[in-house]
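Biologist: Thanks for sitting down with me. Could we go through this one together, a question at a time?

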Amino acid sequence: MIVTREEQVRLMDCMLDMGELLMDAGAEISRVEDTLSRVGATYGARRVDVFAITSLLSVTMEFPESEAMTETRRIRSNGQTDFYRVDKLNTISRRCCAEPMPIAELRAQLDAVAAGHKPFAALLAGSVLGGGSYAVFFGGTLYDALAAAFFAALICHLQYRLGRTRVNAVASNLIISLLVGLGVGLVSAVLPVLHMDKILIGDIMLLIPGLAMTNAIRNILLGDTISGVVRLTESLIWAVALAGGFMVALTIVNALH
């Protein structure tokens with residue numbers, strides 16, 4: 001049970017961090033609002049109002065015999081979906097609701113989630129497996145699968161590097177699709193045994209913002225219209241950038257022929 005004003009301020013800071021981490025990991029708006037509301041109520045708040053959209057998080061808490069406090073945070077997300085972080089944060093919230101932990105412990109666990117990321121080896125393995133498998137699924141040969149797996153590893157590496165910079169998702173998709181498109185086109189020209197279209201299809205599947213679009217539609221259906229429309233618009237812009245990069249790359253490759 002939270003008693004002092006200092007503890008309330010520290011709890012508010014933890015809740016804002018939890019919400020920001022959830023939104024940055026691609027969690028649905030309804031999940032963010034419900035999680036923070038439950039955590040606040042668990043620690044003794046008699047009223048918790050949470051408002052979240054893709055770029056803003058606002059939390060108001062009112063404790064017995066205390067004035068309501070409101071804090072707002074600007075959310076800057078790269079638009080990526082990270083189920084690894086979402087699962088970790090869900091686990092923390094469930095533990096809090098089952099038995100409220102000390103604020104210091106909650107802060108330590110949130111800091112650990114913020115500092116941790118999905119192992120790069122797992123991302124690389126998933127990209128390679130996904131790219132190669134999709135190439136075969138859409139009618140490619142074993143050689144096409146190997147080539148798609150190689151460029152899938154390149155995509156994973158570029159996403160990791162660009163994700164550590166200030167490059168936004170639109171520019172990132174454009175750069176990656178352009179470089180990968182040029183690489184696939186040039187390699188296919190040198191090695192006639194390869195089918196450029198099958199390799200490109202396999203690798204494009206790794207870049208399409210399918211999860212973001214799905215979450216956007218879900219937000220709209222659940223009544224979070226603003227967030228859903230904003231996220232859907234962002235996803236469509238990312239898809240246009242992705243298509244534009246590949247189109248420019250293929251135009252350059254055809255011109256070189």
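Biologist: Which residue in the turn between E2 and E3 has a positive phi?

Modeller: Happy to help, and please keep in mind that this is a predicted model. Strands E2 and E3 (residues 69-74) pair in the antiparallel sense over six bridges. They form a hairpin with six residues between them. The turn residue with a positive phi, of about 60°, is Glu65.

Biologist: Which residue of E3 stands opposite Val59?

Modeller: Val59 belongs to the pairing of E2 with E3, which runs in the antiparallel sense. Its partner across in E3 is Glu71.

Biologist: And how many residues lie between E1 and E2?

Modeller: Strand E1 (residues 47-53) pairs with strand E2 (residues 56-62) in the antiparallel sense, over seven bridges. Within that pair, Ala52 stands opposite Leu57. The two strands form a hairpin, and the number of residues between them is two.

Biologist: Let's turn to the helices. How far apart are the end C-alpha atoms of H7?

Modeller: Helix H7 covers residues 169-190, which is 22 residues. At 1.5 Å a residue it should span 32 Å, and the model agrees with that, because its end C-alpha atoms are 31 Å apart.

Biologist: Which helices do the buried residues of H7 pack against?

Modeller: The buried residues of H7 include Ala169, Ile176, Val180 and Gly183. Ser188 is also one of them. The buried residues pack against helices H6 (142-163), H8 (196-204) and H10 (225-256).

Biologist: Is Asn90 buried or exposed?

Modeller: Asn90 lies in helix H3 (residues 83-98). Beyond residues up to four places away in sequence, it touches Leu22 and Arg31. Its relative accessibility is 10%, and the cut-off is under 20%, so Asn90 counts as buried.

Biologist: What about Ala145, how far is it from Glu33 in space?

Modeller: Ala145 lies in helix H6 and, at 10% relative accessibility, counts as buried. Leaving aside neighbours within four places in sequence, Ala145 is in contact with Gly132, Ala135 and Val136. Glu33 is 112 residues apart from Ala145 in sequence, and the C-alpha to C-alpha distance is 42 Å.

Biologist: One last thing: how much accessible area does the nonpolar patch on the surface have together?

Modeller: The patch is formed by Tyr134, Phe137, Phe138, Ile201, Met205 and Ile208. Phe138 sits in the loop between helix H5 (120-137) and H6, and at 32% relative accessibility it counts as partly exposed. Together, the patch residues have an accessible area of about 530 Å².

Key. Residues are numbered from 1 along each chain as its sequence is written. This is a predicted model: local features need pLDDT of at least 70, side-chain atom pairs count only at pLDDT 80 or more; totals for chains, interfaces and linings use all residues. Side-chain values use heavy atoms; hydrogens and water are left out. Helices (H or I, at least four residues) and strands (E, at least two) are DSSP runs, numbered from the N terminus. Buried means under 20% relative accessible area, exposed over 50%, partly exposed in between (1.4 Å probe, protein chains only). Contact means heavy atoms within 4.5 Å. The expected span of a helix is 1.5 Å times one less than its number of residues. Two strands pair if DSSP finds at least two bridges between them. Patches are made of residues with over 30% relative accessible area and no salt bridge: like charges are joined within 9 Å, nonpolar side chains (Val, Leu, Ile, Met, Phe, Trp, Tyr) within 5 Å. Accessible areas come from the Shrake-Rupley method with a 1.4 Å probe; for residues, only the protein chains shown count as cover. A salt bridge is a side-chain nitrogen of Lys or Arg within 4 Å of a carboxyl oxygen of Asp or Glu.
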